[in-house]
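Here is my note on this structure, written as numbered points. Keep the sequence and the 3D view open while you go through it.

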Amino acid sequence: MLILLTNDDGVMSPGLKALADAFQDFGRVVIVAPDRNRSAVAHALTLESPLRAEEVRTDLFAVDGTPTDCVNLGIHGLLREMPDLVISGINRGANLGDDITYSGTVCAAMEATLMGVPAFAVSLDDTAHQGKNLPLAARFSRHLAAHLLDNGLPEETFLNVNVPAQKVRGMRLTRQGKRRYGDVVTRKEDPRGRSYYWIGGGDLGFEDIPGSDCNAVHEGYISVTPLHTNLTNDSSLQDLSDWQIPLT
Ligand code: MN
């Protein structure tokens, strides 16, 4: 059994360590992760500069690239065989609803799926990173991995797993929900009198959609959302079918 682990918080993240510890006797575990925090880089791939992978110790590589670079380089460059499973996480903070399109954690799992390797992303709704549920999230990941290896996943499908920070009441299969972002841009001035800006910050809300990932985590359930790589909105094909756009 060959498991490839990655994340977007960087190779030193406690979430990645917890995951690696949980899989210690599961087979060969290879970690290929960014050498620093690359959160919110989504599915970015480095094409205009070389990548370096430092083998910190056996089967632990720190890459000066994105999570997607790590999966790509891991599968095609560093490993001599295809992994049986790729797991990305455990992310510091949830990846719920619209977070998914920003998330380096989730897109690393998507990258593995594009390469035909089963994958899931796992995040802990705990940005304070007190880590109370980190061991539970790691154990759940192991159980889920065993289940996936036995049962497989539907084609082009991967899983987005989110673990609540509070007491866990169980697991729910969910749909992607809807975040409410604060739309906050904070303007500050640097010591030389020039403006700089911070995007985001503050508490994130969500829309109350029964069956969604946001609701499940809010109610204390581990959320497991099956995602697929094809983003076509099938139902809108019918709605837009009478469009006539002139060519010239
Ligand atoms: Mn992150």
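**Notes on the model**

1. Let's start with a tyrosine. Y102 has a relative accessible area of 49%, so it is partly exposed rather than exposed, the cut-off for exposed being over 50%. Keep in mind throughout that this is a predicted model.

2. Y102 has a ring partner. The centres of the Y102 and Y181 rings are 5.9 Å apart and their planes meet at 90°, so this pair is edge-to-face. Distant parts of the chain are linked here: Y102 belongs to the loop between β5 (85-92) and α3 (104-114), while Y181 belongs to the loop between β9 (179-180) and β10 (185-189), 79 residues apart. Y181 is partly exposed because its relative accessibility is 31%, and partly exposed covers the range between 20% and 50%.

3. How many aromatic pairs are there? The count comes to two. F23 and F26 form an edge-to-face pair, with 5.0 Å from centre to centre and 65° between the planes. Are these two rings buried or exposed? F23 has 0% relative accessibility, so it counts as buried. F26 also counts as buried, because its relative accessibility is 17% and the cut-off for buried is under 20%.

4. Now for the metal. Which residues hold the manganese ion? D8 (OD), D9 (OD), S39 (OG) and N91 (OD1) coordinate the manganese ion, at 2.1 to 2.3 Å. Reading along the sequence, the spacing of these donor residues is D-D-x29-S-x51-N. Both D8 and D9 are buried.

5. Next, find the largest nonpolar core, which has 33 residues. L5, F23, I87, I90, F120 and V161 are the ones that touch the most other members. So F23, the buried ring from the pair with F26, turns up here again. Which helix gives the most to this core? Helix α4 (residues 134-151) does, with seven residues. As a general point, nonpolar side chains in soluble globular proteins tend to be buried together.

6. V161 is a good residue to click on. Leaving out residues up to four places away in sequence, V161 touches F120, A121, V122, S123, F140, L144, I222, S223 and V224. Apart from the largest core lies another core of 23 residues, including L2, L79, A108 and F158.

7. Strand β6 (119-124) is worth a look from both sides. Six of its six residues are buried. A119, A121 and S123 cover one face, F120, V122 and L124 the other, and all of them are buried. β6 pairs with β5 in the parallel sense, over six bridges. In that pairing, V86 has A119 of β6 as its bridge partner.

8. Helix α3 is mostly covered too, with 10 of its 11 residues buried. Among the buried residues of α3 are G104, C107, A108, M110 and E111. What do the buried residues of α3 pack against? They pack against β1 (2-6), α2 (67-78), β5, β6, β7 and β13.

9. Strand β13 (residues 221-228) is mostly covered, with six of its eight residues buried. On the antiparallel side of the story, six bridges join β13 to strand β7 (residues 157-163), and F158 stands opposite L227 in β13. On the parallel side, four bridges join β13 to strand β8 (residues 170-173), and L173 stands opposite V224 in β13.

10. There is also a charge over a ring to find. R172 has its charged end over the ring of Y221, 4.0 Å from the ring centre.

11. Last stop: A53, which is in strand β3 (residues 53-57). Its relative accessible area is 34%, so A53 is partly exposed. Which residues does A53 touch, not counting those up to four places away in sequence? They are F61, A62, V63, L73 and L78. For a sense of distance, try A53 and L159: they are 106 residues apart in sequence and 27 Å apart in space, C-alpha to C-alpha.

Key. Residues numbered from 1 in each chain as written. Predicted model: local features only at pLDDT ≥ 70, side-chain atom pairs only at ≥ 80, totals over all residues. Heavy atoms only, no water. Donors = N, O, S within 2.8 Å, 3.2 Å for Na, K, Ca; no water. Buried < 20%, exposed > 50% of the residue type's maximum accessible area, 1.4 Å probe, protein only. Helix = DSSP H or I, 4+ residues; strand = E, 2+ residues; numbered from the N terminus. Pairing = 2+ DSSP bridges. Phe/Tyr/Trp six-rings, centres within 6.5 Å; stacked < 30°, edge-to-face > 60°. Lys NZ or Arg CZ within 6 Å of the ring centre and 35° of its normal. Core = buried A, V, L, I, M, F, W, Y, C linked by side-chain atoms within 4.5 Å. Contact = heavy atoms within 4.5 Å.
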